[in-house]
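Here are some notes to read alongside the structure. They are numbered so that each can be checked on its own.

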Amino acid sequence: MRRAFLIGVVLTMITGLANAQTAREHRGYGYGFGAPGAAVGDSGATATLQVGVGGERLVYKGLGAGGEIGYIWSMTERSSGIGVGSGNASYHFRTAASGGRIDPFLTGGYSIAFRSDVASGFNVGGGIDYWFKERVGLRLEVRDHVFPAFRNMNLIGVRIGLTFR
């Protein structure tokens with residue numbers, strides 16, 4: 001199951017990078033991020049850090065599909081990290097075809113956490129892509145991964161990264 005999921009994420013990122021050559025025809029995005037955040041659950045809260053990569057492809061107007069993979073760890077126990085992957089739907093309120101440098105978006109979907117075991121959950125988030133060049137931008141986002149199997153664990157991150165098309 002984990003291998004099939006990872007293959008799906010990689011394929012999604014590859015299709016997101018297979019985009020057209022002009023600004024009006026960009027349909028795919030790739031991004032990398034770092035995220036300070038918190039793991040909040042029934043047993044309290046812990047400060048975390050997360051790094052990851054992802055990609056998405058617009059499939060109809062502002063509606064997109066994508067995936068990402070990352071690693072998150074506690075700032076107090078660095079050896080206790082877990083892998084987190086997700087497959088998401090997104091909606092971009094402004095696309096390259098509509099012009100403008102600021103592209104606000106919402107996203108959400110299925111999440112999986114893995115280390116020695118696997119847990120399913122979901123994620124929701126939103127943010128903006130600020131395109132300071134035609135193909136390179138700044139990505140600011142807040143994302144919450146929820147895993148009910150981990151004592152109702154919420155992994156909340158404030159993501160800062162680069163996006164490209």
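1. In which strand is Phe-164 found? Phe-164 is found in strand S8. The model is a predicted one, so please read every point below as a statement about a prediction. Phe-164 is partly exposed, with a relative accessible area of 36%. That value rules out both other labels, because buried means under 20% and exposed means over 50%. Phe-164 also has a partner from elsewhere in the sequence. Gly-137 is 27 residues away along the chain, yet the two C-alpha atoms are 6.2 Å apart in space.

2. Next, the overall layout. The protein has one helix and eight strands. Along the sequence the order is α-β-β-β-β-β-β-β-β. In other words, the pattern opens with the helix and continues with strands. The protein has 165 residues, and 42% of them count as buried.

3. The salt bridges deserve a careful look. The whole structure holds seven of them. One joins Glu-56 and Arg-139, with 3.8 Å between the closest N and O atoms. This pair ties together distant parts of the chain: Glu-56 sits in strand S2 and Arg-139 in strand S7, 83 residues apart. Both Glu-56 and Arg-139 are buried.

4. A second bridge joins the side chains of Arg-159 and Glu-68, at 2.7 Å from N to O. It too links distant parts of the chain, with Arg-159 in strand S8 and Glu-68 in strand S3, 91 residues apart. Are these two partners buried or exposed? Arg-159 has a relative accessible area of 3%, so it is buried. Glu-68 counts as buried because its relative accessibility is 3%. The cut-off for buried is under 20%.

5. Arg-139 returns in another bridge. Its partner here is Glu-141, and the closest N and O atoms are 3.3 Å apart. Arg-139 and Glu-141 are both buried. Which residues do shared partners join into one network? They are Glu-56, Glu-68, Asp-129, Arg-139, Glu-141, Arg-143 and Arg-159.

6. Two buried acids need a separate comment. Asp-103 lies in strand S5, residues 102-114. Asp-103 is buried but has no salt bridge. The nearest side chain of opposite charge is that of Arg-165, 6.1 Å away. A salt bridge needs a nitrogen and a carboxyl oxygen within 4 Å. What Asp-103 does have is a polar contact of 2.8 Å, side chain to side chain, with His-92.

7. Asp-144 is the other case. Asp-144 is found in strand S7, which covers residues 136-147. Asp-144 is buried and lacks a salt bridge. Arg-143 offers the nearest side chain of opposite charge, and that is 9.2 Å away. The side chain of Asp-144 makes a polar contact of 2.9 Å with the side chain of Asn-154.

8. Now the enclosed space. How many cavities of 30 Å³ or more does the structure hold? There is one. The largest cavity has a volume of about 50 Å³. Its lining consists of Tyr-31, Gly-55, Glu-56, Gly-66, Gly-67, Asn-88, Ser-90, Thr-107, Arg-139 and Arg-143. Strands S2, S3, S4 (82-92) and S7 each give two or more residues to that lining. By class, the lining has one nonpolar, six polar and three charged residues. Note that Glu-56 and Arg-139 appear in this lining and also form a salt bridge with each other.

9. Last, the open space. The largest pocket has a volume of about 390 Å³. Sixteen residues line the pocket, and those nearest its centre are Ala-39, Ser-80, Arg-151, Met-153 and Leu-155. Strands S2 (44-60), S3 (63-74) and S8 (153-164) each supply at least two lining residues. Which strand gives the largest share of this lining? S2 does, with four residues. The pocket lining divides into eight nonpolar, six polar and two charged residues.

Conventions. Residues are numbered from 1 along each chain as its sequence is written. This is a predicted model: local features need pLDDT of at least 70, side-chain atom pairs count only at pLDDT 80 or more; totals for chains, interfaces and linings use all residues. Side-chain values use heavy atoms; hydrogens and water are left out. On a 1 Å grid over the protein atoms alone, a cavity is a set of points where a 1.4 Å probe fits but cannot get out, and a pocket is an open set with protein on both sides within 12 Å along at least five of seven lines; lining residues have an atom within 4 Å of a point. Grid points are joined across faces, edges and corners, and a volume is the space filled by probe spheres set on the points. Ala, Val, Leu, Ile, Met, Phe, Trp, Tyr, Cys and Pro count as nonpolar, Asp, Glu, Lys and Arg as charged, and the others, Gly among them, as polar. Buried means under 20% relative accessible area, exposed over 50%, partly exposed in between (1.4 Å probe, protein chains only). Lys and Arg count as positive and Asp and Glu as negative; His and the chain ends are not counted. A polar contact is a pair of N or O atoms within 3.5 Å; within protein, one must be able to donate a hydrogen and the other to accept it, and residues adjacent in sequence count only if both atoms are side-chain atoms.
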